[in-house]
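Welcome! Take a moment to turn the model around before reading on. The short report below walks through a few of its parts.

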Amino acid sequence: MIQVMGLEKEYHGRPVVRGVSFDVQPGEVVGLLGPNGAGKTTTLRMLATTLRPTRGTAKVAGYDIVQEPLKVRAHVGVLPTDPGLYGRLTAAENLRFYGQLCGLGGAALERRIDELLEWLGLAGAKHQRVEEFSKGMRQKLALARAVIHDPPVLILDEPTVGLDVLASRAVINFIRESRKAGRSVLFSSHYLLEADRVCDRVAIIVGGEICAFGTPGDVCRAVGAATLEDAFAYWVERRAGEVDRRVG
Amino acid sequence: MLAGIWAVTETALRMFWRDKHALFWGVVFPLMLMGLIGSVFSNVDDLTLRTAVVVPTPGNPLADGVLAALREVPVLEITIEEEEAALAALRRGERSLVVVLPDQEAVRALAGAFADGPAAGPVPVRVYYDETRAQVAQAGLGVIGAVVAEMNQAITQRRDVLAVQAAGVAAEDVSMFDFLLPGILAMALMQSGLMGVSAVLTGYRERLLLKRVLATPFPPAAFLTGVIARFTLTNMMQGLIILLVGVLVFDAHVVGRYVDLLILMFIGSVAFLSIGFAISSASKTAEAANTLGSVVAFPMMFLSGTFWPRELIPESIQPLINYLPLTPLVEAMRGVATRSESLAAHTGGLLYLAAWAVAAAVVAVWRFRWE
């Protein structure tokens, strides 16, 4: 469902993402794990077609991200790090607006809004303005917005960052439900325990390059690590050592 | 596609109506300004008589004497003007009186009459006044009559050498509110365009709302079309409210065609939206957009004839005023509202405003950023 092929991004000649390749199958959750500045968000933004790659390409839901960005957007749900919701609109109005931008309307859209708010436990806040929402409620609403058009692919950028335990659980449940519904889910995270619990496969990205890609077990075994956190630390330190040697 | 554009417009309108600050600055503030300035200055004619003096032949001692005497009167604010321009200004309500002093021929005839013995008729000092302002006319004629009588005494010791010849001119009855309404309307359109658009768009950009739109299958250009439609609609609504309150509450009169005013509101709205888009495109943050918008808006607000006639602004900065995009809009709106002028009479100015709109649109498209 997502097929990434040698994706690269440079800013003013400085490489940020270097030849990234991986795939996400239908009904699979893949975690993109890396330290700050590793290129996770840049990779996700290229796949969501809000950033044009310098080289390489990817297919999302069968559409090329460079050649057919509008078709990609129609088949992908995106949750960015900042929810970007309209504070002066109510929860239902926010969802209705994005639904309309996705070409939905009428009774079907209203049903979908009710269904999503119910599913995420926001039914009671349907007519409440978003400016009055807590961070967790906003994140849930942003998730509802991401799937308003029932996309087969989900791209989530740090979906649990800054959330309390209950809100994080709700997000993780949402990801699991999405997998059950047959969606391909690609999400980035710093939280390795969480990734270990929910991901079918993980990709460790450091310095814009994917160092390891496979099931959490495979990734650990490949470097003789006991936990995903150890494997992650191994790759980050090794990468830092390579940079030191290059600079030295 | 059209349904999507309408969804953007409708949603943006809803957000506007829920934004108390935008409503205050867009609708209430211009009305407050009109009420305050109108109330404070509506009786200004009672204090000062703006008097245009026409001197047909400069260097004529009799005329110079009368002029010097007129200048001595504190209540008269004297300007020397050509007769035609002065009468036009009187008709527009920009002058209280026009005094035409005797020309060389009249003085010569008077001198001849003295030489030949028998007294000729008095030399007329023509005074034009505005028939619609009875009190001003009465006061003005009284003052000029007294000055002329003094002159007769002082120069000739005869009472019948100079005589005031009064003539009423049917000027449009332009009250301070009549004068202010088109200026405030134009100012409100400019403010919504410059400050409103730039604040909203940079705010959307800063809160990453524009970026969210990019992640949907909705074409970005169609989204911007919806936003432009929202601003055009709210500007027209603001303009209509100001117009209605101006006419119904402040008793301002519109002597020209309302439909022409609406057309001008639309043209002004689109032009200043375009400039607002350019400002928001050139600004990285909402604060920067606000500052740049203020830098552009404030000089126009005070120099383009919004609150007072351009004639009152110092000569040295008059050329600058001609280049401000608000000036042609204010002049066209005032021409229609207070003098019943046609839009065709303002073609040049409106084309100049359109040129600003096109240039700003080019900058907006060239520099526009979604994040």
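## A sheet in chain A

Two strands count as a pair if DSSP finds at least two bridges between them. With that in mind, this predicted model offers a good place to start: strand E1 (residues 2–11) of chain A is joined to E2(A) by 7 bridges, and the two run antiparallel. One of the matches to look for is A:Val4, whose bridge partner in E2(A) is A:Phe22.

The pair belongs to an open sheet of 4 strands in chain A, ordered E2-E1-E4-E5 with antiparallel pairing. Which strands stand at the edges? They are strand E2 (14–24) and strand E5 (63–64) of chain A; each has a single partner strand, so one side of each is left without a neighbour in the sheet. In general, strands of a sheet pair through backbone hydrogen bonds, either parallel or antiparallel.

## A helix across the strands

Now look for helix H1 (residues 40–47) of chain A. Helix H1 of chain A lies across E1, E2 and strand E4 (55–60) of that chain. Its direction is at about 120 degrees to E1(A).

## Where chains A and B meet

How many residues does each chain bring to the contact? Chain A gives 19 residues and chain B gives 19 residues. On the side of chain A that touches chain B, helix H2 (69–74) and helix H3 (91–101) of chain A each supply at least two residues. The largest share there, 4 residues, comes from H3(A). Sorted by class, this side of chain A holds 11 nonpolar, 5 polar and 3 charged residues.

## Chain B as a whole

Chain B has 15 helices and 5 strands. Of its 371 residues, 42% are buried. Among the contacts in chain B with a separation of 6 or more, 81% link residues 24 or more positions apart.

## Two helices packed in chain B

Two packed helices are described by the angle between their axes and the distance between the axes. For helix H11 (residues 258–282) and helix H15 (residues 347–367) of chain B, the axes come within 8 Å and cross at roughly 30 degrees. Angles under 35 degrees count as roughly parallel, and H11(B) and H15(B) are therefore roughly parallel to each other. The crossing of H11(B) past H15(B) is left-handed.

Residues making this contact include B:Ile267, B:Val270 and B:Phe277 of H11(B), with B:Leu350, B:Trp356 and B:Arg367 among those from H15(B). By class, the contact between H11(B) and H15(B) has 16 nonpolar, 2 polar and 1 charged residues.

Technical notes. Residues numbered from 1 in each chain as written. Chains lettered and ligands numbered in written order. Predicted model: local features only at pLDDT ≥ 70, side-chain atom pairs only at ≥ 80, totals over all residues. Contact = placed C-beta atoms within 7 Å. Nonpolar A, V, L, I, M, F, W, Y, C, P; charged D, E, K, R; others polar. Axes fitted to C-alpha atoms, helices over the stretch in contact; angles between N-to-C directions. Parallel < 35°, antiparallel > 145°, perpendicular 65-115°, else oblique. Left-handed = near helix turned anticlockwise from the far one by under 90°. Buried ≥ 20, exposed ≤ 12 C-beta atoms within 10 Å, placed from the backbone.
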